[in-house]
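User: Hi! Could you take a close look at the enclosed cavities in this model, and at the backbone spots that stand out along the way?

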Amino acid sequence: MAGNVFEATDSNFQQEVLESPTPVLVDFWAEWCQPCQSLIPVLHKIATDFAGQLVLAKVNSDEQQALVQQYGVRSLPTVKLFVNGEVVDEFTGALPESEILAKLDNYLQRESDAMLAAAVAEYEQGNVEAAIEHMREAAESDPDNPRVQTTYARVLLEHKQTDTLQAFIQSMPTEMQTLPEIAAIKAQLEILARLGNGMQAETLLARVEADANDCEAREQLSALYVSQGNYVAALEQLLEIMRRDRAYNEDAGRMGLLRLFEMLGPENPLTVEYRRKMSLLLF
């Protein structure tokens with residue numbers, strides 16, 4: 001093996017790929033394959049950038065037909081990622097570097113991951129302000145690392161640093177903002193923005209008791225319940241707004257439910273239950 005790039009053959013595949021303690025990117029290629037030729041320098045660059053964390057194995061498909069057949073290779077180039085002897089991901093064709101890195105993301109540790117780990121340890125020791133600052137540095141150093149971005153965003157939300165969080169999310173690459181974890185945080189941020197400053201549940205409940213059609217109080221109650229993690233109560237208030245006044249604040253009841261569904265996630269039992277209840281009010 002020259003560095004972390006080597007020619008894989010039927011004779012060394014078991015030892016160098018299947019028994020490798022390091023993830024191995026196996027590139028099935030051929031001399032006559034033009035897309036293979038354009039992909040090779042990209043794979044070499046990735047292997048160099050992540051030396052010590054990733055190995056690149058090149059399989060000449062014309063010469064290694066046994067491996068081609070064993071792994072069901074039908075088109076070139078085909079690239080398979082082996083971790084602990086198992087294929088965990090694969091792709092065909094000459095993908096751009098960014099797409100390949102996205103596939104590798106869960107299996108490679110970046111410098112920003114190490115920075116985040118240190119910040120999380122600091123946070124768990126109670127050094128919250130310093131930890132948040134170090135999380136910010138990690139996030140800014142690697143804007144394409146979703147683990148770092150989501151952890152920092154969650155901590156900002158937990159500590160009610162909403163202005164900082166809003167600015168941070170807006171500064172993210174567009175594709176990062178659409179990740180389910182970030183979309184959920186954005187939804188919760190929008191819900192909390194509807195919470196009246198200093199409002200207490202007792203005050204809002206008294207308003208609802210005095211006037212069951214006080215949708216503003218119900219909307220703020222819902223946001224307050226979200227901040228307390230009482231999602232059932234929050235969902236019930238939004239449903240009641242839908243029942244009483246669909247026109248209130250541009251259909252705030254339904255829109256609030258949709259934001260909360262996004263925050264909870266589509267598979268959450270509460271999302272399934274209350275989406276059904278919402279549908280009954282729509283039709």
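Analyst: Happy to. One definition helps first: a residue is called buried when its relative accessible area is under 20%, exposed when that area is over 50%, and partly exposed in between. Please keep in mind that this is a predicted model.

Let's begin with the cavities. Searching the whole structure gives two cavities of 30 Å³ or more. The largest has a volume of about 80 Å³. Its lining is made up of Ile191, Arg194, Glu219, Ser222, Ala223, Val226, Leu238, Gly256, Arg259 and Leu260. Two elements, α12 (215-228) and α14 (252-264), give two or more residues each to this lining. The largest share comes from α12, with four residues. Sorted by class, the lining holds five nonpolar, two polar and three charged residues.

The second largest cavity has a volume of about 60 Å³. Around it sit Leu25, Val79, Lys80, Leu81, Asp89, Glu90, Phe91, Ile100, Lys103 and Leu104. Here β4 (78-83), β5 (86-92) and α4 (97-104) each contribute at least two lining residues. By class, this lining has six nonpolar and four charged residues, and no polar ones.

Now for the backbone, with a little background: most peptide bonds are trans, and most residues other than glycine have a negative phi. The bond from Leu76 to Pro77 is cis, with omega near -5°. Pro77 belongs to the loop between α3 (65-70) and β4. That strand, β4, is one of the elements supplying the lining of the second largest cavity.

The other spot is in the loop between α13 (231-244) and α14, where Glu250 is placed. Asp251 is in the loop between α13 and α14 as well. Glu250 has a phi near 60°, a positive value in a residue that is not glycine. Asp251, also a residue other than glycine, has a positive phi near 60° too.

Are these two residues buried or exposed? Glu250 has a relative accessibility of 72%, which is over the 50% cut-off, so Glu250 counts as exposed. Asp251 has a relative accessible area of 12%, under the 20% cut-off, and therefore counts as buried. This loop leads back to the first cavity, as α14 is among the elements giving two or more residues to the lining of the largest cavity.

Note on methods. Residues numbered from 1 in each chain as written. Predicted model: local features only at pLDDT ≥ 70, side-chain atom pairs only at ≥ 80, totals over all residues. Heavy atoms only, no water. 1 Å grid on protein atoms, 1.4 Å probe; cavity = no way out; pocket = protein on both sides within 12 Å on 5 of 7 lines; lining within 4 Å. Points joined across faces, edges and corners; volume = space filled by probe spheres on them. Nonpolar A, V, L, I, M, F, W, Y, C, P; charged D, E, K, R; others polar. Buried < 20%, exposed > 50% of the residue type's maximum accessible area, 1.4 Å probe, protein only.
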